[in-house]
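Please look through the fold shown here, starting with its sheet and moving outward to the helices.

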Amino acid sequence: MHRLIDGLHRFRESVFPDRKAFFETLASGQDPDFLFITCCDSRVQPEVVLQANPGDLFILRNIGNLVPPHGADNSVEAAVEYSIRVLGVKHIIVCGHSHCGAMEAVLNPEHLSTLPSVARWLQYADSTRQIIQENYGDLEGEAKLDAAIEINVLVQLEHLMTLPSVAPRLMRGEVNLHGWVYRFETGELSAYDPEANHFVEVEKAHLPSIRPVHSTPASPR
Ligand SMILES: [Zn+2]
């Protein structure tokens, strides 16, 4: 614990005084543009990687950066609903990461025999496992895990589209969905590019990133 308390002291002595006025402005409310959904993994630090300030990111973390489909989990759906309807976030980012233990467990569910709660939670990545088994059966080791990490981000974006708080705004173009993967050992960040249909360097990805296929209303005949 000393390490944490020492860190707090350094923050109060070296960081806070220089930005005191900024921190005081935070008391008037929050107005983030981004809902950032990522894994609990301690090696993933969104604010550090993106150099974001307090107030920039509304962050939702859980094991495996999962978004259960509509009606399946109140905690995640409530956070999404609040961020959209109250805070008016413009972008929802689902960010997976390299060496994700959750995705390893999704690929190897036998490792979860002593973790019944984790096993139940990871059912929301069942489609990820199924897609890897059926479509990427030739992959092994790290390549297989990397594919699962990327596919899982796409699966969770599909789940996001099932949420009533998201679907209408997505169709109106008021919110955009983004699928990212952060590789913490290199600092690389890749984003799903729907035109290329794979993950590319985030700077090269086409934006806005994902819309449901029915987002453009059919023209009347
Ligand atoms: Zn993870």
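In which sense do strand 3 and strand 4 pair, and over how many bridges? Strand 3 (residues 91-97) and strand 4 (residues 176-183) pair in the parallel sense, over seven bridges. Strands here are DSSP runs of E of at least two residues, helices are runs of H or I of at least four, and both are numbered from the N terminus. Two strands pair if DSSP finds at least two bridges between them. The model is predicted: local features need pLDDT of at least 70, side-chain atom pairs count only at pLDDT 80 or more, and totals for chains, interfaces and linings use all residues. Residue numbers start from 1 along each chain as its sequence is written.

Along this pairing, Val 94 stands opposite Gly 179 in strand 4, and His 97 stands opposite Tyr 182 in strand 4. Strand 3 also runs parallel to strand 1, to which five bridges join it. There, Phe 36 stands opposite Ile 93 in strand 3. Six of the seven residues of strand 3 are buried, so this strand is largely enclosed by the rest of the structure. A residue is buried if 20 or more other C-beta atoms, placed from the backbone, lie within 10 Å of its own.

The whole sheet is open and has six strands, in the order 2-1-3-4-5-6, with mixed pairing. Its edges are strand 2 (57-62) and strand 6 (198-201), each of which pairs on one side only. From one strand to the next, the twist averages 30°.

Helices pack on this sheet. Helix 4 (residues 74-85) lies across strand 1 (34-39) and strand 2, and runs at about 170° to strand 2. Helix 8 (residues 141-160) touches strand 3, strand 4, strand 5 (188-193) and strand 6, and its direction makes about 160° with that of strand 4. Angles run from 0 to 180 degrees between N-to-C directions, with axes fitted to C-alpha atoms, for helices over the stretch in contact. Residues are in contact if their C-beta atoms, placed from the backbone, lie within 7 Å.

Helix 8 also meets helix 7 (residues 126-135): their axes come within 9 Å and cross at roughly 130°. That makes helix 7 oblique to helix 8, a class for angles that are not under 35 degrees, over 145 or from 65 to 115. Helix 7 contributes Ser 127, Thr 128, Ile 131 and Ile 132 to the contact, while helix 8 contributes Lys 144, Ala 147, Ala 148, Ile 151, Asn 152 and Val 155.

Terms used. Two residues are in contact if their C-beta atoms, placed from the backbone, lie within 7 Å. A residue is buried if 20 or more other C-beta atoms lie within 10 Å of its own, exposed if 12 or fewer, and partly exposed in between; C-beta atoms are placed from the backbone.
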